[in-house]
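Please look through the structure shown here, and follow the explanation beside it from a single residue out to the two chains.

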Amino acid sequence: MSMTATAGRAHADPHHIGLIIEHPGPAPKRIVTAYGFWIFLLSDIVMFSCFFAAYAVLAGQTAGGPKGSEIFEPKNVAIETVCLLLSSFTCGMASIAADVRNRFWFYLGMAVTCVLGLIFLAIEFREFADLVARGYGPSRSAFLTAFFSLVGCHGLHVSAGVLWLLTMMAQVFAKGFRADILRRMMCFALFWHALDIIWVAVFSVVYLLGSAP
Amino acid sequence: MSDQTHGLVKHDLAPGEEEQHSVGTRILGYVVGLVLALLLTATSFFIAGTDLVWQPSIPVALIVLAIAQMGVHLVFFLHITTGPDNTNNVLALAFGLLVVFLVVGGTVWIMAHLNANMPPMDHIMQMRS
């Protein structure tokens, strides 16, 4: 009798790590959803790594056009970085507020995140428009093609994130803190934090390493 | 492995999910992450434009600071830990990083040696004739 009990125990703990789950069913939907989104984010990061590889190869191919150190403005990049970092923080505050079902702090956190994201996008758009106006568009050289595709791809992600953010605010407003809304909010927070991680790589590799003469 | 004492445990943690803490502790975690990230960012921007350090060390320093800041973001904002309830998330991250390093490292390595490994163009023409 004790043998069968042991066998049952061993089955419940297949890896013998001391974690015995008596009724191992499927994981809760919250974990499955977030884990699937985590896999998507990692594949998104892999996609960004291809853009980074292309930029690293093409950074010197200026075809007589401007080098990175001639067109980058470190002050703007610093403001963009601080905006995105603070927005990551306020997004974290909003997810805590969503977990404790506090509408006021949720709306405030999301609104501040949205404003900071929009400031980031405005600065980036002005930088791009300025470069194109000076004739340094993406078709000028291989370096500028790689620069516009890498930084522009990140900018597109931030734009999608801002739209998603507004959708989340509207859904919480219309439907409240339901379980499915909270799952979406969790995925959004993951997305926004991952964008900030990619921006760390962008400002270090593109702007700071590229501004060296 | 404090879970061993329980015998019966709850499920794993989802990515981005924290263990059960009070709101104050959670906010404190984000504040610590924000301060660390701001310090690392400020150091990066300072080092990139300074004459105070040996110039060839700057690229290495920038890359190390960037990796450190990504680690800060992963730990304090995405709550990726080494706990047993986080194993799935860490393994997925490890595989993602493997692919990233293969793609970036492999591309840079191959493209940097392309000219050295290829015979000159006129040499190829002679081989054909």
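B:Leu78 counts as buried because 24 C-beta neighbours lie inside 10 Å of this residue, where 20 or more are needed for a residue to be called buried. This is a statement about a predicted model, as is everything that follows. B:Leu78 sits in the loop between α2 and α3 of chain B, and, once its neighbours within four places in sequence are left aside, it is in contact with A:Leu190 and A:His193 on chain A as well as with B:Pro15, B:Gly16 and B:His73 on chain B. A separation along the sequence can also be set beside a separation in space: B:Leu78 and B:Ser57 are 21 residues apart in sequence, and their C-alpha atoms are 30 Å apart.

The contacts of B:Leu78 with A:Leu190 and A:His193 lead to the place where the two chains meet. In total, 46 residues of chain A are in contact with 47 residues of chain B. On the side of chain A that touches chain B, at least two residues come from each of the helices α2 (29–58), α4 (74–99) and α7 (179–210), and the largest share, 15 residues, is supplied by α2(A). Sorted by class, this side of chain A holds 35 nonpolar, eight polar and three charged residues.

It helps to look next at each chain as a whole. Chain A has seven helices and zero strands, and of its 213 residues, 37% count as buried. If we consider the contacts in chain A between residues at least 6 apart in sequence, 78% of them join residues at least 24 apart. Chain B, for its part, has five helices and zero strands, and 21% of its 129 residues count as buried. Within chain B, residues 24 or more positions apart account for 59% of the contacts with a separation of 6 or more.

Which residues touch the most other members of the largest nonpolar core? This core has 76 residues, and the ones that touch the most other members are A:Phe52, A:Leu150, A:Leu190, A:Val202 and A:Val206. The elements that give two or more residues to the core come from both chains: α2, α4, α5, α6 and α7 of chain A, together with α1 (23–48), α2 (58–77) and α3 (87–112) of chain B. Of these, α7(A) gives the most, with 21 residues.

One of the core residues just named, A:Val202, can be followed to its partners, for it touches A:Leu150, A:Val151 and A:His154, not counting residues up to four places away in sequence. A:Val151 is found in helix α6 (residues 142–175) of chain A, and it is buried because 20 other C-beta atoms lie within 10 Å. Seen from its own side, and leaving aside neighbours within four places in sequence, A:Val151 is in contact with A:Val202 and A:Val206. A:Leu209, by contrast, lies 58 residues from A:Val151 in sequence and 15 Å from it in space, C-alpha to C-alpha.

The helix that holds A:Val151 can be checked for its length. At 1.5 Å a residue, the 34 residues of α6(A) should span 50 Å, and its end C-alpha atoms are 48 Å apart, which agrees. Just after α6(A), A:Gly176 takes a positive phi of about 80°.

Helix α5 (residues 103–133) of chain A can be treated in the same manner: at 1.5 Å a residue, its 31 residues should span 45 Å, and its end C-alpha atoms are 44 Å apart, which agrees. Along α5(A), the buried residues are A:Phe106, A:Gly109, A:Met110, A:Thr113, A:Leu116, A:Gly117 and A:Phe120, and the buried residues of this helix pack against α4 and α6 of chain A. In general, an α-helix has 3.6 residues a turn, so residues three or four places apart point the same way. Just after α5(A), A:Gly135 takes a positive phi of about 85°.

Finally, a careful reader asks how confident the prediction is. The model scores ipTM 0.84 and pTM 0.85. Chain B averages a pLDDT of 84, and 85% of its residues score at least 70, but over residues 1–9 of chain B the pLDDT is below 50, although this stretch has 11 contacts in the model beyond near neighbours in sequence. Where pLDDT is low, the predicted coordinates should not be read in detail.

Conventions:
Residues are numbered from 1 along each chain as its sequence is written. Chains are lettered from A and ligands numbered from 1 in the order in which they are written. This is a predicted model: local features need pLDDT of at least 70, side-chain atom pairs count only at pLDDT 80 or more; totals for chains, interfaces and linings use all residues. Helices (H or I, at least four residues) and strands (E, at least two) are DSSP runs, numbered from the N terminus. A residue is buried if 20 or more other C-beta atoms lie within 10 Å of its own, exposed if 12 or fewer, and partly exposed in between; C-beta atoms are placed from the backbone. Two residues are in contact if their C-beta atoms, placed from the backbone, lie within 7 Å. Ala, Val, Leu, Ile, Met, Phe, Trp, Tyr, Cys and Pro count as nonpolar, Asp, Glu, Lys and Arg as charged, and the others, Gly among them, as polar. The expected span of a helix is 1.5 Å times one less than its number of residues. A nonpolar core is a set of buried Ala, Val, Leu, Ile, Met, Phe, Trp, Tyr and Cys residues joined through C-beta atoms within 7 Å. pLDDT is the predictor's confidence in each residue, from 0 to 100.
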